[in-house]
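Please open the model in your viewer and keep a selection panel at hand. The stops below run from a pocket to a helix and then to single residues.

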Amino acid sequence: MTSGQPVRHAEAYRCGRLYAAIAALQRLAQNEHHKLGRPENVAKAAARPEPILRDPLREVGHYLVQARIRGQRAAADPVFRSIPDFLPSAKDVPSRLDGDERLEFHRGLEDQAALIAKEHPPKK
């Protein structure tokens, strides 16, 4: 294992958490059929996060406003505030993840999605 691998794995995990947070905010703003919730987009993001997250990351403010309009303030506000914690320490979101990094992305996504679901269960 090279000295760079643990850092890249940590970045991949953080990127998965970022994806989960933005996806949750997008779902709160739109509905259950939001773009980041589609399995094919999750798979694409695990391999190439930057192209998939580029536009949604720019739209987080819009998602917050839309979620509030839909009466989702209690869930949307803390999810929105968590996003800076998951931004990569590097300059940009990684453009490519390989092998074990993809597993770390999925682990981060699952961990964050579970935390959001626990703290803010979907309204029925």
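Begin, in this predicted model, by selecting Ala20, Ala23, Ala24, Arg27 and Ala113, which lie nearest the centre of the second largest pocket, out of the 15 residues that line it. Two elements, α1 (4-29) and α6 (100-119), give two or more residues each to this lining, and α1 contributes the most, with five residues. If you colour the lining by class, you should find 11 nonpolar, three polar and one charged residues, set around a volume of about 230 Å³.

Next, select α6, one of the elements just met at the pocket. Helix α6 has 20 residues and spans 29 Å from its first C-alpha to its last, which is close to the 28 Å expected at 1.5 Å a residue. Within α6, highlight Glu101, Glu104, Phe105, Gly108, Leu109, Gln112 and Ile116, which are buried. Turn the view until you look down the axis of α6: its buried residues fall within an arc of 135°, so they line one face of the helix. A general point helps in reading such a view: an α-helix has 3.6 residues a turn, so residues three or four places apart point the same way. Now add Leu103, Glu110 and Lys118 in a second colour, and you will have the exposed residues carried by the face of α6 that is turned away from its buried side.

From α6, step back into the loop that joins α5 (73-86) to α6, and select Val93 there. Is Val93 buried or exposed? Its relative accessibility is 12%, and because buried means under 20%, Val93 counts as buried. To see what surrounds Val93, leave aside its neighbours within four places in sequence and display Cys15, Leu18, Pro49, Glu50, Leu53, Leu57 and Pro88, with which Val93 is in contact. For a distance to check in the viewer, pick the C-alpha atoms of Val93 and Ala43, which are 16 Å apart in space while the two residues are 50 apart in sequence.

For the last stop, move to helix α4 (residues 60-69) and select Gln66. With a relative accessible area of 27%, Gln66 is partly exposed, whereas Val93, at the previous stop, counts as buried. A final distance can be drawn from Gln66 to Ala76, which is 10 residues away along the chain, and the C-alpha atoms of this pair are separated by 9.5 Å.

Terms used
Residues are numbered from 1 along each chain as its sequence is written. This is a predicted model: local features need pLDDT of at least 70, side-chain atom pairs count only at pLDDT 80 or more; totals for chains, interfaces and linings use all residues. Side-chain values use heavy atoms; hydrogens and water are left out. On a 1 Å grid over the protein atoms alone, a cavity is a set of points where a 1.4 Å probe fits but cannot get out, and a pocket is an open set with protein on both sides within 12 Å along at least five of seven lines; lining residues have an atom within 4 Å of a point. Grid points are joined across faces, edges and corners, and a volume is the space filled by probe spheres set on the points. Helices (H or I, at least four residues) and strands (E, at least two) are DSSP runs, numbered from the N terminus. Ala, Val, Leu, Ile, Met, Phe, Trp, Tyr, Cys and Pro count as nonpolar, Asp, Glu, Lys and Arg as charged, and the others, Gly among them, as polar. The expected span of a helix is 1.5 Å times one less than its number of residues. Buried means under 20% relative accessible area, exposed over 50%, partly exposed in between (1.4 Å probe, protein chains only). The arc is that of the directions from the helix axis to the C-beta atoms. Contact means heavy atoms within 4.5 Å.
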